[in-house]
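Trainee: Could we go through this structure together, with me asking how each label is earned?
Mentor: Gladly; let us bring it up and take one label at a time.

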Amino acid sequence: MCTVQCGSVRIPVVARVQGAGDLLSNLLQSPSSAKLLNQPIPILDAESEYMCSLALECLAHLFSWIPLSASITPSLLTTIFHFARFGCDIRARKMASVNGSSQNCVLGQERGRLGVLAMSCINELMSKNCVPMEFEEYLLRMFQQTFYLLQKITKDNNAHTVKSRLEELDESYVEKFTDFLRLFVSVHLRRIESYSQFPVVEFLTLLFKYTFHQPTHEGYFSCLDIWTLFLDYLTSKIKSRLGDKEAVLNRYEDALVLLLTEVLNRIQFRYNQAQLEELDDETLDDDQQTEWQRYLRQSLEVVAKVMELLPTHAFSTLVTHHREGNEEPDSLPAHVARVFPVLQDNLEVYLGLQQFIVTSGSGHRLNITAENDCRRLHCSLRDLSSLLQAVGRLAEYFIGDVFAARFSDALTVVERLVKVTLYGSQIKLYNIETAVPSVLKPDLIDVHAQSLAALQAYSHWLAQYCSEAHRQNTQQFVTLVSTTMDAVTPLISTKVQDKLLLSACHLLVSLATTVRPVFLISIPAVQKVFNRITDASAQRLVDKAQVLVCRALSNILLLPWPNLPENEQQWPVRSINHASLISALSRDYRDLKPNAAAPQRKMPLDDTKVIIHQTLSVLEDIVDSISGESTKSRQICYQSLQESVQVSLALFPAFIHQSDVTDEMLSFFLTLFRGLRVQMGVPFTEQIIQTFLNMFTREQLAESILHEGSTGCRVVEKFLKILQVVVQEPGQVFKPFLPSIISLCMEQVYPIIAERPSPDVKAELFELLFRTLHHNWRYFFKSTVLASVQRGIAEEQMENEPQFSAIMQAFGQSFLQPDIHLFKQNLFYLETLNTKQKLYHKKIFRTTMLFQFVNVLLQVLVHKSHDLLQEEIGIAIYNMASVDFDGFFAAFLPEFLTSCDGVDANQKNVLGRNFKMDRDLPSFTQNVHRLVNDLRYYRLCNDSLPPGTVKL
């Protein structure tokens, strides 16, 4: 029987649950619990309500940890659900407020609180995924009672709309009820769906009403999450039962179409202007998105998931998509027109703006000035922007296996997007004067940017089309890409707003990286971009745009063309062009290198830093973008970069005391080591490593870590990351550096950071130590043939023992510090070394360190300093103790208890006797946690005794 222990008193849980349930039932004064839901809510006096709240709080606590069992009776569930009705009883709340006295108002609030507490009890039960077979009937009863509550909350009558009813409910109650619905869908829907007694479709209808009448944005977001969970469940169910796909979809089709339509309506100003205008589109949250962006993103995720289930509703081919006799030249495919019924209207408004553009003294002006017309245009442009995002979100449903079947649909959509982007670029709507510049100009820019982003979303479709076009040599594909570049090129300018400029740059990167058409470099518009970027007199773009454009141009020359053999890749010509590109981009940077013939130009330090920053940010991005590509691409890249890399190494010592410059240089070298290590060759790589080791003296490290703040710490962290790459390199090439690297870590870096509370540098240092051990185990343990044949008889030969001991001591010390992230990381490293290399079994660890580590980990458990890692610590203690169980039980445990303060000798004996000598993982860790809890309990009791108390 499940029990609660309090000191030496043990009380059955069943008795507690039944006691609380009986109290609640008695206070309701109802003779038949089965009829409770149909009874009017009783009036309770203040004392009774207080007793009920205590009973419900007690039940919620018990339900949070006891398993589902016979102690939770149908009568108790019905009683709790009756109290849950208190939360949605608007009439009682109104009567309390109408009667006027403050006492009545307090009573009304207390009744609402009882509803919240009851829902807490229900949610604790709902959150349990492990449901015994005999309890499933109880669950069904719970859901039927929930169905009743949901009906009550969403009931629409003359006195109350659903929204007004929800507005009048306690906000906490609505949150708890939404949590319940989420738990029902995520945990239990799969159990209940098969029961004919539970009307799932009707439940979805009520959930629909509940969702779209939420009084707050957060409530609506939470309900969208529930629909997302339901759609995920439906998708996985269909994938696991493909034979029943049609039957499952037919059951839910009407509900899904209704959901799709309503979610789309909710993102449009045409249908939902008042609510959408309340959304904040300026303040960024923790995910770096505004409230409006979050609203739109969550809505479009629901739309996309419905599309995945019902593609025929999105991509119907009933109507031909080619222009015929009476079809409007700008009309969209029927499937798009049905799913986005106002997309066509908004597009026509946008494409028709050209006729309202007039020439004024200062340029071009949009001749729409009436307030009402401006407001309608604003709403139309906002809706067009949202629907363009929706079109982009659906791009994934045109590629892969369905590419051929949906080709004409996708082609029409892409052609339309290309036309819209070209239209915006040609008439330069982003630069046009408007009557309400603070509103309409951002709208026009956003539509243009979203059309580019939507087109970028179809880059994978274009890539698949590129493969088909290569076989068929179709002019249609060439026209699509060329026209896209005609739309992009005018936007790559310092005169274009950043939002629009960056959208154009991202589209260019996708064309160069994902699509990779052979003819891209020969398009005049692309040549124009090349000329602009390499022109020394041209004004530089903003940093992010410059980096993106340079990445695109580099990738055009470096990435292999799809579907072409190696001998047709034109590598020699592309190599020459790439070298010219890098030479132009790094011209000013290479001039910084001093030499005897041409002494270094004297220029202000700030100007030098700007050149270094601008050049290295571009070069680092170029290297990073091809680090995973073919050997030939990386070879050409390094050939082009070689001089700039040598300049960087020559400049490094001169800027060692400028942490901001050193930071950028080390970022560049780290990217080089990760991506082009082989291409750089061994001699030059050795030269780089030796230069860094020479420059980072203990004094320089101390200056960086202690005096230069976060930038200085980042410099050291990047240096350590470079060394991580070095120590992981297979083979013997860089093994000679191991003594210097370990010495740097343990004698120079570790003493500086060991006692600092700040986590800076520590994580990178311990990762370097771990990788040094993991990838260079034979540096410490020479494995002999005899040892490998006679495993366990012959010990491996130990080398470099002082360095190994120092590393292990550093790991041990890290477990005494408060940083839980470092603790978790280092515990994982030790466990990994034991799994891969049998660390705990090595003689040096077993004889001199094993029980020191066990002692430290036990002390951590006792002091509760890292309680979130209880399970991981328990497993680690087991893995260490299992190396020598006899020694653990016979020697370590008695010694550990003897050293424990705060407990007397008798209590220590009891603790020792109660620790069973189990040797399996679950039992052993349970014994460890019992020992820790009992030790803390004894200390707590002893500390609470008054001074002078005699203990018997």
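What follows is a conversation about how values and cut-offs lead to labels.

Trainee: Before the details, how do you know how far to trust the coordinates?
Mentor: This is a predicted model, so we begin with pLDDT, the predictor's confidence in each residue on a scale from 0 to 100. The chain has a mean pLDDT of 85, and 86% of its residues reach 70 or more.

Trainee: Where does the pLDDT stay under 50?
Mentor: One such stretch is residues 94-107, with 10 contacts in the model beyond four places in sequence. Residues 315-340 also have a pLDDT below 50, and that stretch has 51 contacts beyond near neighbours in sequence. Where pLDDT is low, the predicted coordinates should not be read in detail.

Trainee: Now the rings. What makes Phe-885 and Phe-889 a stacked aromatic pair?
Mentor: Two cut-offs decide it: ring centres must lie within 6.5 Å, and planes under 30 degrees apart count as stacked. For Phe-885 and Phe-889 the centres are 5.8 Å apart and the planes meet at 15°. Both conditions hold, so the pair is called stacked.

Trainee: Where do Phe-885 and Phe-889 lie?
Mentor: Both are in helix 42, residues 885-899, and they are 4 residues apart, about one turn of the helix.

Trainee: Is Phe-885 buried or exposed?
Mentor: Buried means under 20% relative accessible area. Phe-885 has 8%, so it counts as buried. Phe-889 is also at 8%, and therefore it is buried.

Trainee: Why is the pair of Tyr-937 and Tyr-938 called tilted?
Mentor: Their ring centres are 6.1 Å apart, with the planes at 50°. Stacked needs an angle under 30 degrees and edge-to-face needs one over 60, so an angle between those limits is called tilted. As for Tyr-937, its relative accessibility is 40%, so it counts as partly exposed.

Trainee: How many aromatic pairs are there by this rule?
Mentor: The count comes to 57. Ring pairs also link some residues into a cluster, including Phe-885, Phe-888, Phe-889 and Phe-924.

Trainee: Which of those cluster members does Ala-881 contact?
Mentor: Leaving aside neighbours within four places in sequence, Ala-881 is in contact with Phe-888 and Phe-924. Ala-881 belongs to helix 41, residues 870-881. Its relative accessible area is 0%, so Ala-881 is buried.

Trainee: What makes you say that Thr-662 is buried?
Mentor: Its relative accessible area is 1%, and the limit is 20%, so Thr-662 is buried. Thr-662 is found in helix 29, residues 659-680. Beyond its neighbours within four places in sequence, its contacts are Phe-652, Phe-655, Ile-656 and Val-715.

Trainee: How do you know that the charged end of Lys-842 sits over the ring of Phe-781?
Mentor: One part of the rule asks for NZ of Lys within 6 Å of the ring centre, and here the distance is 5.4 Å. The other part asks for a position within 35 degrees of the ring normal. Arg-382 lies over the face of Trp-292 as well, at 4.8 Å from the ring centre.

Trainee: What makes Lys-305 and Asp-232 a salt bridge?
Mentor: The cut-off is 4 Å between a side-chain nitrogen of Lys or Arg and a carboxyl oxygen of Asp or Glu. The closest N and O atoms of Lys-305 and Asp-232 are 2.9 Å apart, so the pair meets the definition. Lys-305 is in helix 13, residues 291-309, and Asp-232 is in helix 10, residues 217-240; the two are 73 residues apart.

Trainee: Which side chain meets Glu-308 in a salt bridge?
Mentor: That is Lys-239, at 4.0 Å from N to O. Glu-308 lies in helix 13 and Lys-239 in helix 10, so this pair ties together parts that are 69 residues apart in sequence.

Trainee: Why is Lys-239 called exposed, and Glu-308 partly exposed?
Mentor: Exposed means over 50%, and partly exposed covers the range between 20% and 50%. Lys-239 has 58%, so it is exposed. Glu-308 has 36%, so it counts as partly exposed.

Trainee: How many salt bridges are counted by this rule?
Mentor: There are 27. Among the linked residues are Glu-193, Lys-237 and Arg-251, which are joined in a network of salt bridges.

How values were computed. Residues numbered from 1 in each chain as written. Predicted model: local features only at pLDDT ≥ 70, side-chain atom pairs only at ≥ 80, totals over all residues. Heavy atoms only, no water. Contact = heavy atoms within 4.5 Å. Phe/Tyr/Trp six-rings, centres within 6.5 Å; stacked < 30°, edge-to-face > 60°. Buried < 20%, exposed > 50% of the residue type's maximum accessible area, 1.4 Å probe, protein only.
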